[in-house]
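Here are a few short exercises to work through with the model open beside you. Try each task before reading its solution.

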Amino acid sequence: YYNTITLPMHRSEWTSILYNLFSNAKKAIIKKSVAGKILIEVGKKDNMISLRFNDNGIGIEADKKDRVFNAFYSTSVPASFDAPKEEQLIGTGLGLKIVKDIILSYNGDIKVVEPEQGYATCFEILIPHNK
């Protein structure tokens with residue numbers, strides 16, 4: 001899409017947003033033991049810029065879709081120091097909370113929405129358009 005420019009944001013904020021979504025997707029894909037697929041879609045929705053981040057990992061249970069943005073909520077559990085690498089996928093439960101705080105500070109929103117076909121999870125970010 002052309003003309004999909006958000007309000008001015010610091011590059012570190014976008015780095016934090018995209019890194020957190022990517023690292024969570026990577027963990028979910030490894031946990032599912034599949035060939036990973038990530039689809040990022042950018043467009044316009046009303047007066048907002050929409051960024052949809054899809055992955056084909058383990059997905060998020062319906063009753064946890066709102067809770068994933070709570071501080072210290074994590075779907076990862078600590079593993080022992082000698083556990084196999086795929087079991088050492090520990091999260092602090094702060095990544096999506098920080099992402100949501102950044103987005104809300106720009107009067108935007110983030111939520112878990114229905115993913116594209118062939119994907120298990122989709123986060124949709126809405127940020128005001130820079131006119």
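## Exercise 1: a turn in the backbone

Directly after helix 2, the residue Asn107 adopts a positive phi of about 60 degrees. The model you are looking at is predicted.

**Task.** Find where Asn107 is placed, and decide whether Asn107 is buried or exposed.

**Solution.**
1. Begin with the background: most residues other than glycine have a negative phi.
2. Asn107 is not a glycine, and yet its phi is positive, about 60 degrees.
3. For its place, look at the loop between helix 2 (95-105) and strand 3 (109-113), where Asn107 is found.
4. The relative accessible area of Asn107 is 65%. Exposed means over 50%, so Asn107 is exposed.

## Exercise 2: another positive phi

**Task.** Locate Asp46 and classify it as buried or exposed.

**Solution.**
1. Asp46, a residue other than glycine, has a positive phi near 60 degrees.
2. Its place is in the loop between strand 1 (38-45) and strand 2 (48-55).
3. With a relative accessible area of 79%, Asp46 is exposed, because the cut-off is over 50%.

## Exercise 3: the buried side of a helix

**Task.** List the buried residues of helix 2, and work out how they are arranged around the axis and what they pack against.

**Solution.**
1. The buried residues of helix 2 are Gly95, Leu96, Val99, Ile102 and Ile103.
2. Around the axis they cover an arc of only 120 degrees, so they are on the same side of helix 2.
3. A general rule helps here: an α-helix has 3.6 residues a turn, so residues three or four places apart point the same way.
4. As for partners, the buried residues of helix 2 pack against helix 1, strand 3 and strand 4 (121-128).

## Exercise 4: Tyr19 and Gly95

**Task.** Say which helix holds Tyr19, and what separation its C-alpha atom has from that of Gly95.

**Solution.**
1. Tyr19 belongs to helix 1 (residues 11-32).
2. Its relative accessible area is 55%, so Tyr19 is exposed.
3. Tyr19 and Gly95 are 76 residues apart along the chain, while their C-alpha atoms are separated by 9.2 Å.

## Exercise 5: a nonpolar patch

**Task.** Which residues make the nonpolar surface patch, and which element gives the largest share?

**Solution.**
1. Phe22, Ile38, Ile40 and Val42 make a nonpolar surface patch of about 320 Å².
2. Strand 1 contributes the largest share of this patch, three residues.
3. Take Val42, which lies in strand 1. Its relative accessible area is 37%, so Val42 counts as partly exposed.

How values were computed
Residues numbered from 1 in each chain as written. Predicted model: local features only at pLDDT ≥ 70, side-chain atom pairs only at ≥ 80, totals over all residues. Heavy atoms only, no water. Helix = DSSP H or I, 4+ residues; strand = E, 2+ residues; numbered from the N terminus. Buried < 20%, exposed > 50% of the residue type's maximum accessible area, 1.4 Å probe, protein only. Arc of directions from axis to C-beta. Contact = heavy atoms within 4.5 Å. Patch = residues over 30% accessible without salt bridge, like charges linked within 9 Å, V, L, I, M, F, W, Y side chains within 5 Å. Areas by Shrake-Rupley, 256 points an atom, 1.4 Å probe, with all protein chains shown as cover. Salt bridge = Lys/Arg side-chain N within 4 Å of Asp/Glu carboxyl O.
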